[in-house]
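Hi everyone, thanks for coming. I'd like to walk you through one protein chain today, so please have a look at it on the screen with me.

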Amino acid sequence: MNNNHSHYSGRGGAIGIQSGCATILRSSIVANHASYGGGISISNSDVSIQESTVANNIAFAAYYASHGGGIDALEHSNVRIVNSTITGNAARTSSDYHRFD
């Protein structure tokens, strides 16, 4: 999933997971944009990211602090990352991975 954009106060430029379970397997999440979780936004969910790349995504919000350029995990989410690359993402805080419970 490449070059996607989530608009005003959006979460997850490529993928947004809320109150669910998901496995991201052998995937490229590259060059996406959102206010939070430029690549992936996870909320109250169980997610496994395996053999994947999350790179060069951007979390940017004009009027408030953005976080989780690559991955933003919120609200008691369980995130398992195995044999994956998370690099080169950008945000005002927590560029590659942000976790907040």
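I'll begin with the whole chain, then turn to a sheet, a residue at its edge, and a pair of charged side chains.

One thing to keep in mind is that this is a predicted model. What is the chain made of, in terms of helices and strands? The count is 0 helices and 12 strands. So if you read the elements from the N terminus, you just say "beta" again and again. The chain has 101 residues, and 44% of them are buried. Its accessible surface is about 5200 Å², with 48% of that belonging to carbon and sulfur atoms.

Now, contacts along the chain. Take the contacts between residues at least 6 apart in sequence: 78% of these join residues at least 24 apart.

Let's look at a sheet. Which strands form it, and in what order? There are 4 strands in the order 1-5-9-12, making an open sheet with parallel pairing. Strand 1, residues 15–18, and strand 12 are at the edges; each has a single partner strand, so one side of each has no neighbour in the sheet. From one strand to the next, the twist averages 5°. At the strand 1 end, the partner is strand 5, residues 40–43, and the two are joined in the parallel sense by 4 bridges. For example, I15 has I40 in strand 5 as its bridge partner.

At the other edge, find F100, which belongs to strand 12, residues 97–100. Is F100 buried or exposed? Its relative accessible area is 54%, and the cut-off for exposed is over 50%, so F100 counts as exposed. F100 still has company: beyond its neighbours within four places in sequence, it touches A73, L74 and E75. A73 is 27 residues away along the chain, yet the C-alpha atoms of F100 and A73 are separated by 6.4 Å.

Last stop: charges. Side chains of opposite charge can pair when their charged atoms come close. How many salt bridges does a search of the whole structure find? It finds 1. The partners are R26 and E51, with 3.1 Å from N to O. R26 sits in the loop between strand 2 and strand 3, and E51 in the loop between strand 6 and strand 7, so the pair ties together parts that are 25 residues apart in sequence. R26 is exposed at 60% relative accessibility, while E51 is partly exposed at 41%.

That's my tour. Thanks for listening!

Terms used
Residues numbered from 1 in each chain as written. Predicted model: local features only at pLDDT ≥ 70, side-chain atom pairs only at ≥ 80, totals over all residues. Heavy atoms only, no water. Buried < 20%, exposed > 50% of the residue type's maximum accessible area, 1.4 Å probe, protein only. Contact = heavy atoms within 4.5 Å. Areas by Shrake-Rupley, 256 points an atom, 1.4 Å probe, with all protein chains shown as cover. Pairing = 2+ DSSP bridges. Axes fitted to C-alpha atoms, helices over the stretch in contact; angles between N-to-C directions. Salt bridge = Lys/Arg side-chain N within 4 Å of Asp/Glu carboxyl O.
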